[in-house]
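Colleague: I'm new to this, so could you give me a close look at just one part, the strands and whatever lies against them?

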Amino acid sequence: MSRPGAIVHPDSSLLAKATAARIVTRLVDAQTAQGSASIVLTGGGIGIAVLTELAAAPARDAVDWRRLDVWWGDERFLPTGDPERNETQARAALLDRVGLDPARVHPMPAPDGPDGDDPERAAERYADELARAARPEDHSPVPAFDVCMLGIGPDSHVASLFPEQPALYEEERPVVAVRGAPKPPPTRISLTFPAIRSAREVWVIASGEGKADAVRLALSGAGPTQVPAAGVWGRSRTLFLLDRAAASRLPEQFAPHGVM
Ligand SMILES: O=C1O[C@H](COP(=O)(O)O)[C@@H](O)[C@H](O)[C@H]1O
């Protein structure tokens with residue numbers, strides 16, 4: 001477990017650009033040290049904006065894209081190609097523009113996949129895929145992701161872990177089906193807290209004043225059942241990457257120097 005830190009950028013555009021640059025550095029470092037790297041993507045407005053900036057970044061090809069595994073933190077359980085799927089948006093923003101190995105891109109299953117309209121079976125299938133990629137040294141049924149990116153909702157949800165929902169109590173399974181999500185669509189698939197905490201680095205990315213209360217609560221020692229974003233951390237590093245508006249109600253101990 002690592003204690004969270006907060007980094008504040010002047011606006012959402014610079015937050016997206018700076019996070020894209022941070023991804024390049026993180027993945028290059030991991031590939032240099034280990035030979036390959038892994039990343040968990042998030043959906044949502046700022047999550048996709050980061051991928052768009054990464055696609056446009058002059059340094060993007062410092063990453064060896066063929067030696068990268070791409071996973072998702074959550075997915076809206078909608079048919080393949082649906083514009084609301086996090087996968088569809090990530091492919092359009094970045095994945096279709098770089099030279100990834102298709103075998104190393106791991107979208108969460110869709111209802112037109114092998115398990116049909118059964119999100120519980122789809123979640124099990126994704127857990128199996130993660131287990132096959134985990135190595136003994138990961139000490140976990142999922143890989144020790146080099147970076148896990150997470151958006152955060154105004155209600156403080158991360159991935160598709162919403163306040164007061166059963167998925168928050170999951171201690172064994174790395175992936176669960178979520179039914180009755182308060183944000184559409186109601187049926188989703190999500191990594192659980194244990195899977196997210198297997199990541200070496202967890203980055204919670206937030207833009208806009210509408211996220212300021214959720215960010216404040218997440219960094220104030222709130223309980224993860226009420227404030228899911230308070231329950232995520234990385235093995236070596238936990239970062240809240242914020243724009244000034246999302247950081248406008250930070251607890252005092254996180255008040256940044258210089259940027260505000
Ligand atoms: O539905 C989702 O929402 C969250 C946050 O999205 P945002 O647009 O409010 O930033 C996202 O993190 C999650 O991946 C996605 O499925």
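Modeller: Sure, here is a walk through the sheets, one at a time.

Before we start, remember that this is a predicted model, where local features need pLDDT of at least 70 and side-chain atom pairs count only at pLDDT 80 or more, while totals for chains, interfaces and linings use all residues. Residues are counted from 1 along each chain as its sequence is written.

Let's begin with the sheet of 6 strands. It is open, runs in the order β1-β9-β8-β5-β2-β3, and its pairing is parallel. The names come from DSSP runs numbered from the N terminus: strands are E runs of at least two residues, and helices are H or I runs of at least four. Two strands pair if DSSP finds at least two bridges between them. At the edges sit β1 (4-9) and β3 (68-72), each with a partner on one side only. Going from strand to neighbouring strand, the average turn is 20°, direction ignored.

Now zoom in on one pair in this sheet. Strand β2 covers residues 37-41, and it joins β3 in the parallel sense over 5 bridges. Within that pair, valine 40 is placed opposite tryptophan 71 of β3. Helix α2 packs on this sheet and touches β2, β5 (147-150) and β8 (201-206); contact needs C-beta atoms, placed from the backbone, within 7 Å. The direction of α2 makes about 110° with that of β8 (axes are lines fitted to C-alpha atoms, for helices over the stretch in contact, and angles run from 0 to 180 degrees between N-to-C directions).

Helix α2 also leads us to the ligand. With 3 residues, α2 gives the most to the shell around it. Both α2 (45-56) and β4 (74-76) supply at least two residues of that shell. There are 13 residues around the ligand, and Thr42, Gly43, Gly44, Gly45 and Gly151 come nearest; to be near, a residue needs its C-beta atom, placed from the backbone, within 6 Å. By type, the shell has 1 nonpolar, 9 polar and 3 charged residues (Ala, Val, Leu, Ile, Met, Phe, Trp, Tyr, Cys and Pro are nonpolar, Asp, Glu, Lys and Arg charged, and the others, Gly among them, polar).

Strand β4 brings us to the other sheet. Here 3 strands make an open sheet in the order β4-β7-β6, with antiparallel pairing. Its edge strands are β4 and β6 (175-178), each pairing on one side only. The twist from one strand to the next averages 15°.

Follow β6 along its partner. It pairs with β7 (residues 188-191) in the antiparallel sense, over 4 bridges. Valine 176 has serine 190 of β7 as its bridge partner, and valine 178 stands opposite arginine 188, also in β7. Against this sheet packs helix α4 (residues 119-133), which touches β6 and β7 and has a direction at about 160° to that of β6.

So what do the faces of β6 look like, covered or open? Both are covered: Val175 and Ala177 on one side, and Val176 and Val178 on the other, are all buried. Buried here is a count of 20 or more other C-beta atoms within 10 Å of the residue's own, with C-beta atoms placed from the backbone (12 or fewer is exposed, and in between is partly exposed).

Terms used
Two residues are in contact if their C-beta atoms, placed from the backbone, lie within 7 Å.
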